[in-house]
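Reader: I would like to go through the cavities, a pocket and the helix contacts of this structure. Could you take my questions one at a time?

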Amino acid sequence: MTTRRSVAIIGAGLAGTTAGLGFLDAGFDVTIYSDRDRDSLRNKVPPTGVGVLFGKSQEWDAEIIEDLYDVGKTTGMSVRLYGGAGEDRAPVLEYDPDYGYVAAAVDLRLRADDRLGRFLDRGGRFEVTTVGLDNLDEIAGGADLTLVATGKGGLSTLFPVDESRTKYREPQRRLLQVTLKGVDHGPDVFSYRSQAGAGHSLYNLDSENGELFVGPFLHKDEGATWSFIVFAKPSGAWAPRIDDVHDAVTARRTIAGIFAEFFPEDAPVIEQLEVIESDPVSWLKGAVTPTVRQAVATTKSGHPVAAIGDTAIAVDPVAGQGAQNTLIQVAELVKAARAHDGEFTADWLADEFEKHWERRGHAATEVTRLFLGDPDFATHLELSFPAAAVDPNVAQALLGLLSDPNPLLGLRTREDVENFITAVAGEPFDQVLARFAPAGQFSAAAPAPLTV
Ligand SMILES: Cc1cc2nc3c(=O)[nH]c(=O)nc-3n(C[C@H](O)[C@H](O)[C@H](O)COP(=O)(O)OP(=O)(O)OC[C@H]3O[C@@H](n4cnc5c(N)ncnc54)[C@H](O)[C@@H]3O)c2cc1C
């Protein structure tokens with residue numbers, strides 16, 4: 001008789017629950033250790049992020065669990081950019097391509113809970129305990145494979161920062177996330193911006209202050225809702241407003257205020273949105289220092305443990321890469337472990353992380369730097385944004401990087417970017433760019449009817 005190989009997983013967010021279900025179904029004996037019980041994970045904490053899965057990452061996720069969700073799907077994005085400050089601030093450009101893929105925005109608490117439910121039904125063990133370094137040593141001593149999935153905080157400091165892969169030392173944006181209800185996902189919503197209506201998300205950029213994402217969302221209890229993320233540049237006018245947010249009501253008020261002042265075209269729709277009273281933790285504020293860690297460490301008795309999810313690679317959410325990167329890392333690790341005969345040594349785990357870095361991790365961090373407007377990508381943005389405004393194929397290729405960021409790694413020089421635009425547009429890049437003229441004005445939603 002053969003005994004099943006055992007896996008211990010610390011943390012029951014998206015990374016931990018996905019790994020739990022994946023390893024269980026691959027024939028391992030799995031225990032998840034979580035500092036919160038199932039009800040608390042689902043109902044007492046905010047979702048760690050919006051967790052939009054743009055296109056391809058869903059193929060890896062399908063190796064772990066079938067798609068259970070109909071709501072929150074989008075097929076494109078309406079992007080608008082305001083440039084300049086003060087009196088010179090003006091609409092610069094916009095584009096609204098179909099992605100060429102489907103994106104899915106589902107409450108991460110629901111995704112994790114559905115995974116945990118299946119895990120438990122199929123015989124997985126779930127222990128509620130806060131794991132520290134001492135009991136991690138004990139747990140790792142008793143398991144064939146130990147994975148740490150405690151997110152950006154938790155046990156992450158066990159894994160040294162990889163200085164060569166970590167490009168920032170502080171957060172690049174202040175973040176505010178909230179889910180609101182009261183507007184459906186129909187074809188008329190935001191139709192002044194996109195023929196797809198609520199089939200496309202919105203992404204508003206302001207060269208001085210940051211970015212704002214608005215997208216159709218599947219809330220765990222309320223269903224069809226809208227998710228918002230403010231990405232505030234630390235030096236801009238939005239960042240201090242986030243300091244005043246302390247609940248969903250103030251989050252909503254702050255976001256409505258930013259729209260009224262900076263994106264008045266959208267304000268009449270935003271004003272109709274309401275907080276979800278049944279979910280007082282439907283909001284989150286904070287900041288992420290983008291960090292890549294050495295994803296294998298040893299406990300004090302010398303047992304190797306591996307980091308997955310945000311514990312291994314934490315990115316700013318501006319390019320929506322964190323959850324996607326997590327799902328790809330986990331699905332590939334499950335397959336590799338199933339096919340592996342020997343011990344799960346530190347070397348084996350480190351090799352698997354290197355494969356993940358090559359497959360997705362590196363590109364995920366680079367596309368995040370692109371969308372953060374990192375100076376290393378100034379040329380990319382200077383050329384591709386105006387090109388996207390006049391050529392839908394370029395716009396689609398640019399947003400294609402959210403689904404598969406790897407093509408970005410091949411675009412290093414100005415010439416690379418020019419050639420890319422030429423190839424995608426099917427005409428010389430300079431002809432494409434010659435057609436660009438500043439937007440001057442954006443179409444706007446009709447004002448909300450006055451109620452007397
Ligand atoms: C504002 C925002 C928007 C985002 N939008 C997107 C997006 O659109 N697309 C995308 O792909 N990604 C997005 N992300 C990133 C995504 O949310 C994360 O990458 C993902 O949720 C990380 O999951 P995780 O399981 O690694 O970590 P977590 O969700 O943080 O889970 C860690 C778990 O471990 C538990 N834990 C911690 N310490 C211990 C301990 N000592 N013992 C036991 N348990 C412990 C915690 O309670 C928690 O349940 C966004 C992030 C943010 C902040």
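The questions and answers below concern a predicted model.

Reader: How many cavities of 30 Å³ or more does a search of the whole structure find?

Author: The model is predicted, and its linings are counted over all residues. The search covers the whole structure and keeps cavities of 30 Å³ or more. The number found is two.

Reader: Which helices each supply at least two residues of the lining of the largest cavity?

Author: The largest cavity holds about 80 Å³ of space. Its lining consists of Leu370, His380, Ser384, Leu398, Leu401, Leu408, Leu411, Val417 and Phe420. His380 and Ser384 belong to the lining, and helix H11 spans 378–390. The helices that each supply at least two residues are H11, H12 (392–403) and H13 (414–425).

Reader: How many charged residues are in the lining of the largest cavity?

Author: Leucines in this lining include Leu398 and Leu401, and Leu counts as nonpolar. His380 and Ser384 are also there, and they count as polar. The lining has seven nonpolar and two polar residues, and the number of charged ones is zero: there are no charged residues.

Reader: Which element gives the largest share of the lining of the second largest cavity?

Author: About 40 Å³ of space lies in the second largest cavity. Val52, Gly72, Thr74, Ala103, Ala104, Ala105, Ser201, Phe213 and Pro216 line the second largest cavity. Two elements give two or more residues to this lining, strand E6 (98–105) and strand E11 (210–219). With three residues, the largest share comes from E6.

Reader: How many polar residues are in the lining of the second largest cavity?

Author: Gly72, Thr74 and Ser201 are in the lining, and these types count as polar. The lining has six nonpolar residues and no charged ones. The number of polar residues is three.

Reader: Which element gives the largest share of the lining of the second largest pocket?

Author: The second largest pocket contains about 320 Å³ of space. Of its 16 lining residues, Leu81, Leu205, Lys233, Gly373 and Leu381 lie nearest the centre. Strand E4 (73–83), strand E10 (200–206), helix H10 (346–371) and H11 each give two or more residues to that lining. With four residues, the largest share comes from H11.

Reader: How many charged residues are in the lining of the second largest pocket?

Author: One lining residue nearest the centre is Lys233, and Lys counts as charged. By class, the lining has eight nonpolar and three polar residues. The number of charged residues is five.

Reader: Are H1 and H4 roughly parallel or roughly antiparallel?

Author: Helix H1 covers residues 14–25 and helix H4 covers residues 108–121. Their axes come within 9 Å and cross at roughly 30°. Angles under 35 degrees count as roughly parallel. The two helices are therefore roughly parallel.

Reader: How many charged residues are in the contact of H1 with H4?

Author: H1 passes H4 in a left-handed crossing. Leu14, Thr17, Thr18, Gly20, Leu21 and Leu24 of H1 meet Leu108, Arg111, Ala112, Arg115, Leu116, Arg118 and Phe119 of H4. Seven of these residues are nonpolar and three are polar, and the number of charged ones is three.

Reader: At roughly what angle do the axes of H9 and H10 cross?

Author: H9 passes H10 in a right-handed crossing. Residues of the contact include Ile328, Leu333 and Ala336 of H9 and Trp348, Phe353 and Ala364 of H10. The contact divides into seven nonpolar, five polar and four charged residues. The axes come within 10 Å, and the crossing angle is roughly 145°.

Reader: Is the crossing of H11 and H13 left-handed or right-handed?

Author: The axes of H11 and H13 come within 9 Å and cross at roughly 15°. That angle makes H11 roughly parallel to H13. The crossing is right-handed.

Reader: Which residues of H13 does H11 meet?

Author: H11 contributes Thr379, His380, Glu382, Leu383, Ser384 and Ala387 to this contact. By class, the contact has four nonpolar, three polar and three charged residues. The residues in H13 are Arg414, Val417, Glu418 and Ile421.

Key:
Residues are numbered from 1 along each chain as its sequence is written. This is a predicted model: local features need pLDDT of at least 70, side-chain atom pairs count only at pLDDT 80 or more; totals for chains, interfaces and linings use all residues. Side-chain values use heavy atoms; hydrogens and water are left out. On a 1 Å grid over the protein atoms alone, a cavity is a set of points where a 1.4 Å probe fits but cannot get out, and a pocket is an open set with protein on both sides within 12 Å along at least five of seven lines; lining residues have an atom within 4 Å of a point. Grid points are joined across faces, edges and corners, and a volume is the space filled by probe spheres set on the points. Axes are lines fitted to C-alpha atoms, for helices over the stretch in contact, and angles run from 0 to 180 degrees between N-to-C directions. Angles under 35 degrees count as roughly parallel, over 145 as roughly antiparallel, 65 to 115 as roughly perpendicular and the rest as oblique. A crossing is left-handed if the near helix is turned anticlockwise from the far one by less than a right angle, and right-handed if clockwise. Contact means heavy atoms within 4.5 Å.
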